[in-house]
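Here is a short report for someone meeting this structure for the first time. Take a look at the chain before reading on.

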Amino acid sequence: MVDVLHSTGLGDLLREHRRSWPQQTAVVDGAVRLTYPELDDRVNRIVAALAGAGVSPGDRVLWLGQNSFRIVELLFAAAKLGAILCPANWRQTADEMAFVLDDLDPKVVVWQDAEIGETVQRARRAFGPGRARWIQHDGDGEESYEGFVAAVGHATDPDRAIDPASAVLCLYTAAFEGRPNGALLSHTALIGQGLIIGRLSEIDSTSVYLNCGPMFHVATLFSTLATLVHAGTNVFTPRVEAEELCRLIESERCTGAFLVGPTFRQIRELNRDRRYDISSLRAAAGRDEWNAMITVDTSPWVRHPGGYGQTEVVGMLSFAAFGAGALGGHGRTSPLLQVRIVDPDDREVEPGETGEITCRGPLVMNGYWNRPEETERRFRNGWHHTNDLGRREVDGSLTFVGPKTRIIKSAAENIYPAEVEGALRTHPDVADCAVIGVPDKQWTQSVVGVVVARDGSAIDGDAVIAHVRERIASYKKPRRIEVVDAIPRNGFAVDYDALDARFGGGGYPGVG
């Protein structure tokens, strides 16, 4: 039984924003502008529409599309219904989408035709008929999203008692050990992280956040959530285009946005003549010409950026802003978590010693969807095991040493070598392989595939890269292929250090 007297879920948050902020703009998306009461009215109709489509507490709703205000209203609708929303990676191949469809088994799929329609339809055919209700996000008629909502007419708030500890959002992690896993995040986790990010980024009701980063990625979503928690305004654009970002920043007076290095440079070059007034944007200081365009952000998050985290803890576990001047490079623990650094027997190690980072608290995921064994392994002995190595310094701060399984960083995206290696091995000319990351001035790291040819075969590097591109998202493919006689190994394990030394690997996140 839910203790409604002492609990607050995402649905309750929206209900209270309706009362407290009746004139505040909640979302802007093209011609769509909704106040918090207007957003709540739509959410109530979507709850009724989803229930009519058979969605019950615990059921999943899948979003296959680019950024839209509809992700926010579907999240609130899932929250009021007790269901789970999953915004999936729209850049995936058809095979990757089909995997998510089969794994998640959603009751409703909201999909987009523009740019990705052919990929979605191939995945849909692989998924099979009759397993879900399909609603087209950018279509017309009864099977369109707006047709789906309009069929309900007026709807009242269901006002159901929903346990805030229950899962409301599922985010698929990058594939480790060969397949992605859906981390289930609770109402409490999302609201709690929203409060922390809001404090460090100085987000409040006057904040206007431009959702230009991918909303299947927790790094974008935790600022979206912080803006929602603090009754700010979220602005949406389907993808990153520098001129459109400048136009929106100027017209909506956006105060924040998810921008990575290449986009910063594109905006700076585009706006050299100051054709757009982007002075409302609070961003990190850079060159003088950049600083003159924007408002230099002096929030704790920007003065001391980063920390350590993962999707399984709604993005961040520790913050440099909580540990300014600390010995550890990744700050101090969030006030909503406990952290222990443990040895392989789960015994806490002494400060200065490296071990696995473990944590517990209300930000930790509820587990992985449809992965009971992996969830049990990660949650053993009452702690979430991150699968990452770290060190507690003598002053109590944290240093992230590196993943047990390496990560390659391409701009804001994590790429797990195991996933790329799995795709490489399916090429008929590849007998063995390994993947490393090579420093890249623009993208942080580039993926390099090291392969061994099958007897009697010759490796065509371009053909191998094209082969991988057909099986996983394009940004994960190798930029180049190196051919070797044998992959160096220590026992059964690949000797990645030897490959790094030979082919110039390095720059892995968290590694000095």
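The report covers salt bridges, then two single residues.

**Salt bridges**

This is a predicted model. A search of the whole structure turns up 41 salt bridges. Three of them are set out in the table, with the separation of the closest N and O atoms or the N to O distance.

| Salt bridge | Distance |
|---|---|
| Asp40 and Lys80 | 2.6 Å |
| Arg60 and Asp59 | 3.9 Å |
| Glu244 and Arg247 | 2.8 Å |

Start with Asp40 and Lys80, which form a salt bridge. This pair ties together distant parts of the chain, 40 residues apart. Asp40 sits in helix α2, residues 36–52. Lys80 sits in helix α3, residues 69–81. Are the two partners buried or exposed? Asp40 has a relative accessible area of 2%, so it is buried. Lys80 has a relative accessible area of 1%, so Lys80 is buried as well. Buried here means under 20%.

Asp40 and Lys80 also belong to a network of salt bridges. Which residues does the network link? Its members are Asp12, Arg15, Arg18, Asp40, Asp41, Lys80 and Asp157.

Next come Arg60 and Asp59, whose side chains meet in a salt bridge. Arg60 is buried, because its relative accessible area is 9%. Asp59 is buried too, at 12%.

Glu244 and Arg247 give another setting. Both lie in helix α9, residues 242–252. They are 3 residues apart, about one turn of the helix. Glu244 is partly exposed, with a relative accessible area of 25%. Arg247 is partly exposed, with 37%.

**His330**

Where does His330 lie? His330 is in the loop between β15 (318–319) and β16 (332–333). This loop residue has a relative accessible area of 15%, so His330 counts as buried. What does His330 touch, leaving aside neighbours within four places in sequence? Its contacts include Ser318, Phe319 and Ala320. Gly307 and Tyr308 are also among them. So are Leu398, Thr399 and Phe400.

**Glu373**

Glu373 belongs to helix α13, which spans residues 372–378. Is Glu373 buried or exposed? Its relative accessibility is 69%, so Glu373 counts as exposed. The cut-off for exposed is over 50%. Glu373 and Val152 are 221 residues apart in sequence. In space, their C-alpha atoms are 41 Å apart.

Terms used: Residues numbered from 1 in each chain as written. Predicted model: local features only at pLDDT ≥ 70, side-chain atom pairs only at ≥ 80, totals over all residues. Heavy atoms only, no water. Helix = DSSP H or I, 4+ residues; strand = E, 2+ residues; numbered from the N terminus. Buried < 20%, exposed > 50% of the residue type's maximum accessible area, 1.4 Å probe, protein only. Contact = heavy atoms within 4.5 Å. Salt bridge = Lys/Arg side-chain N within 4 Å of Asp/Glu carboxyl O.
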